[in-house]
Amino acid sequence: STQSTWGQKTNAKMEPAVRVNRNSLRQYVGKNVRFVGKVVRCSYPVAVLDAPDGGQVQVQMSDGASYGSSFVEVIGEVNADLSIREFTFNNFGDDFDLANYNEMVALASNQFRELFA
């Protein structure tokens, strides 16, 4: 199932959300992003996700959020401390290849940027 709270009880800017990994968060402070990770800890209102490029990212969960799978896509705004303030999320199941996803993020932000715009 998919939790959908986009724009509800947030000051969400309705702008496109670029796909990022942990290392690219710094470039998008104050911007909307899509981040996929493996849930390490989840205790509302904070979740910690393993990043596709290593390390971990902290997520400030949206009101009432409850992840239903091991892998999730978080859509939200990057904070100055490089955590993400979640607007909404999508469950990505329990079998997801983060390494392949990380390669796609690299291609989407460099060589094939125009295909993902």
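1. Buried is taken here to mean a relative accessible area under 20%, with partly exposed lying between that and the exposed class, which begins over 50%. The model under discussion is a predicted one, and Glu77, whose relative accessible area is 14%, therefore counts as buried under the 20% cut-off.

2. Glu77 is paired with Arg85 in a salt bridge, in which the closest N and O atoms lie 3.2 Å apart. Arg85 has a relative accessible area of 23% and is partly exposed, so this salt bridge joins a partly exposed arginine to a buried glutamate.

3. In total the structure holds 3 salt bridges, and Glu73 takes part in one with Arg19, for which the closest N and O atoms are 2.9 Å apart. This pair connects distant parts of the chain, since Arg19 belongs to strand 2 (residues 18-20) and Glu73 to strand 6 (residues 71-78), with their positions 54 residues apart in the numbering.

4. Glu73 also forms a salt bridge with Arg34, where the closest N and O atoms are 3.1 Å apart. Here too distant parts of the chain are linked, with Arg34 in strand 3 (residues 32-43) and Glu73 in strand 6, 39 residues apart. Arg19, Arg34 and Glu73 are accordingly joined in a network of salt bridges.

5. As to accessibility within that network, Glu73 is buried, at a relative accessible area of 2%, whereas Arg19, at 29% relative accessibility, is partly exposed, and Arg34, at 26%, is likewise partly exposed.

Note on methods. Residues numbered from 1 in each chain as written. Predicted model: local features only at pLDDT ≥ 70, side-chain atom pairs only at ≥ 80, totals over all residues. Heavy atoms only, no water. Salt bridge = Lys/Arg side-chain N within 4 Å of Asp/Glu carboxyl O. Helix = DSSP H or I, 4+ residues; strand = E, 2+ residues; numbered from the N terminus. Buried < 20%, exposed > 50% of the residue type's maximum accessible area, 1.4 Å probe, protein only.
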